[in-house]
Amino acid sequence: MDILRASERAIRAALAHQAYVQDRIRLVVRDLQDFDILVSSRNGLFAANSEGVALIAHGFFFGLHRHRDTVFVFESCGVPHSGIERGRILALDLEGDIITATRVIARDLDNQCHQLAVIDNLVCVVDTANQVIRRFTLDGTAVDVKTPLGIVRRGERTPRYRHINSIAHVAGAVVLMLHNGAGQTRRPSELAWLDSDWRVTHFETLAGYGCHDIVEDGEGVLWHCGSQDGELLRSNGPAISVSNQMTRGLAPHRDGWVVGVSQFASRENRTTLGGLLVCLDHQHKPVRELQVDGAPTVIIPIR
């Protein structure tokens with residue numbers, strides 16, 4: 001099995017490299033009218049509804065964010081944990097439910113970038129390995145690099161490294177999720193709250209470990225995946241148990257919530273894992289599970 005996985009990773013990395021060199025986006029489906037959510041994974045970009053999941057594009061994906069009629073996506077054009085710079089930001093333009101155009105707007109990023117968001121009309125991507133936030137205009141022109149936690153050496157495993165993986169704009173503040181470091185298995189995750197100059201105003205310790213995602217609901221409650229314990233965390237109540245596996249990827253849905261679930265695995269093996277979308281009702285009870293051919297990294301609603 002390990003040999004098969006290594007071979008599969010090598011083939012997929014070669015195809016991703018070719019797409020990078022050719023500036024090609026490997027789109028499979030353009031029509032999203034039957035789908036409610038998009039799901040990025042290290043084994044493709046997917047769309048889903050209550051009945052099932054469909055592959056939208058081939059690639060190693062993480063960051064995923066809709067801004068008006070454009071979906072911005074971060075893609076690693078090589079094995080994500082490798083120390084190379086073949087990361088890129090894609091823009092998928094929508095007219096109604098149809099992807100009408102695709103563009104590569106930024107290149108030469110670290111392969112291990114994680115989430116992205118549009119804040120102050122700039123695309124802000126979390127460069128996790130280098131502990132910085134890189135900002136671009138909506139058409140991909142580099143603007144600046146923010147260093148609210150200080151720069152680290154790539155691969156540094158000291159307490160200075162916090163493994164930023166998520167970013168959001170909440171009540172006028174930029175908020176970062178601190179995973180919380182390399183090899184720090186039981187160091188609680190934290191939120192870093194930043195002011196308008198991208199300086200840390202305070203840290204908020206969470207009741208969870210290895211956390212991902214910052215999602216604000218319609219009532220101002222913040223939600224996160226307590227990934228290491230298979231939970232959902234919320235700012236107004238106790239944690240909600242979802243699975244005995246890792247939770248990562250979270251989106252509100254008209255019927256409740258959709259949560260990504262996948263096996264625990266080393267980073268090099270996460271590109272070959274499958275996963276689940278667990279749909280919770282408004283009482284946070286599971287109502288269905290959908291199989292995904294990749295371990296979910298980010299989930300967003302598209303309607």
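User: In the open sheet of four strands, what is the order of the strands?
Analyst: This is a predicted model, where local features need pLDDT of at least 70, side-chain atom pairs count only at pLDDT 80 or more, and totals for chains, interfaces and linings use all residues. Residues are numbered from 1 along each chain as its sequence is written, and side-chain values use heavy atoms, without hydrogens or water. Strands here are DSSP runs of E, at least two residues long, numbered from the N terminus, and two of them pair if DSSP finds at least two bridges between them. In this sheet the pairing is antiparallel and the order is S16-S17-S18-S19.

User: Which strands stand at the edges?
Analyst: An edge strand here has a single partner, so one side of it is left without a neighbour in the sheet. That describes S16 and S19 (237–241).

User: Which residue in S18 is the bridge partner of His224?
Analyst: Strand S17 (residues 222–226) and strand S18 (residues 231–234) run antiparallel, joined by four bridges. In S18, His224 is partnered by Leu233.

User: Is Ile214 buried or exposed?
Analyst: Ile214 sits in strand S16 (residues 212–216). Among the residues that Ile214 touches (heavy atoms within 4.5 Å), not counting those up to four places away in sequence, are Ile167, Leu191 and Trp223. Its relative accessible area is 10%; under 20% counts as buried, over 50% as exposed and in between as partly exposed (1.4 Å probe, protein chains only). Ile214 is therefore buried.

User: How far apart in space are Ile214 and Val175, C-alpha to C-alpha?
Analyst: Val175 is another residue that Ile214 touches. The two are 39 residues apart in sequence, while their C-alpha distance is 7.9 Å.
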